[in-house]
Amino acid sequence: WQPLSGLAFGIVILVFVAWLNWCRTNKADATRWITKYIFRNEFRSEVHADNLFMTLTSILLVIGWVMVGIGILYLTY
């Protein structure tokens with residue numbers, strides 16, 4: 001069950017990252033929240049918030065792809 005659960009969880013992570021980046025105004029809302037509560041609306045905080053958001057979603061994307069790849073690799077052997 002472990003490869004199947006890893007594969008399913010990896011796909012869920014990839015779908016979540018896609019939903020955050022592409023659906024409606026999720027990215028803009030998240031960036032606005034990061035700007036307001038983490039960077040406290042300082043100078044150029046919008047740019048820093050966007051960079052932080054993209055870094056976190058990139059890390060999640062890599063984790064999702066690794067989990068899917070390992071699940072597929074394990075299931076094919």
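This is a short tour of one protein model, stop by stop, for you to follow in your viewer. Keep in mind along the way that the model is predicted.

**Stop 1: the whole chain**

Start with everything shown as a cartoon. You will find three helices and zero strands, and reading along the sequence gives the pattern α-α-α. The radius of gyration is 16 Å, well over the 11 Å that the globule rule gives for 77 residues, so the protein is more spread out than a compact globule. Turn the view until you see the C-alpha trace along its principal axes, where its span is about 55 × 20 × 15 Å.

Now switch on the surface. The protein exposes about 6000 Å², and 71% of that area is supplied by carbon and sulfur atoms. Of the 77 residues, 26% are buried. As for how the chain touches itself, take the contacts with a separation of 6 or more: residues 24 or more positions apart account for 60% of them.

**Stop 2: the first helix**

Select residues 2-22, which form helix H1. Within helix H1, pick out Gly6. Is Gly6 buried or exposed? With a relative accessibility of 16%, Gly6 counts as buried, since the cut-off for buried is under 20%.

Keep Gly6 selected and add Tyr37, then draw a line between the two C-alpha atoms. The two residues are 31 positions apart in sequence, and the line should come to 33 Å.

**Stop 3: the loop between H1 and H2**

Move on to Arg24, which sits in the loop between H1 and H2. Its backbone deserves a look: phi of Arg24 is near 50°, a positive value in a residue other than glycine. Arg24 is also exposed, with a relative accessible area of 80%.

**Stop 4: the second helix**

Next, select residues 26-37, helix H2. Begin with Asn26, a member of this helix. Asn26 is buried, at 16% relative accessible area. Which residues does Asn26 contact, leaving aside its neighbours within four places in sequence? Show Trp19 and Leu20 as sticks, and you have them.

Stay in helix H2 and select Asp29 and Arg32, which lie three residues apart, about one turn of the helix. These two form a salt bridge, and their closest N and O atoms are 3.0 Å apart. Asp29 is partly exposed, with a relative accessible area of 35%, while Arg32 is exposed, at 53%.

**Stop 5: a bridge from H2 to H3**

How many salt bridges does a search of the whole structure find? The search gives two, and you have already visited the one between Asp29 and Arg32. For the bridge at this stop, select Lys27 and Asp50, whose closest N and O atoms are 3.8 Å apart. Here the pair links distant parts of the chain: Lys27 belongs to helix H2 and Asp50 to helix H3, with their positions 23 residues apart. Lys27 counts as partly exposed, at 27% relative accessibility. Asp50 is partly exposed too, with a relative accessible area of 27%. As background, side chains of opposite charge can pair when their charged atoms come close.

While you have charges in mind, colour them across the whole protein. There are 6 positive and 4 negative side chains, and the centres of the two sets lie 4 Å apart.

**Stop 6: the loop between H2 and H3**

Select Arg40, found in the loop between H2 and H3. Phi of Arg40 is near 55°, which is a positive value in a residue other than glycine. On the surface, look for Arg40 as an exposed residue, with 61% relative accessibility.

**Stop 7: the third helix**

Finish with residues 45-76, helix H3, and zoom in on Thr57 within this helix. Thr57 is buried, with a relative accessible area of 6%. What surrounds Thr57, leaving aside neighbours within four places in sequence? Display Val17, Leu20 and Asn21, the residues in contact with Thr57. Leu20 is a residue you have met before, as a contact of Asn26.

Technical notes
Residues numbered from 1 in each chain as written. Predicted model: local features only at pLDDT ≥ 70, side-chain atom pairs only at ≥ 80, totals over all residues. Heavy atoms only, no water. Helix = DSSP H or I, 4+ residues; strand = E, 2+ residues; numbered from the N terminus. Rg over C-alpha atoms; globule rule 2.2 N^0.38 Å. Buried < 20%, exposed > 50% of the residue type's maximum accessible area, 1.4 Å probe, protein only. Contact = heavy atoms within 4.5 Å. Areas by Shrake-Rupley, 256 points an atom, 1.4 Å probe, with all protein chains shown as cover. Lys, Arg positive; Asp, Glu negative; His and termini not counted. Charge placed at Lys NZ, Arg CZ, Asp CG, Glu CD. Salt bridge = Lys/Arg side-chain N within 4 Å of Asp/Glu carboxyl O.
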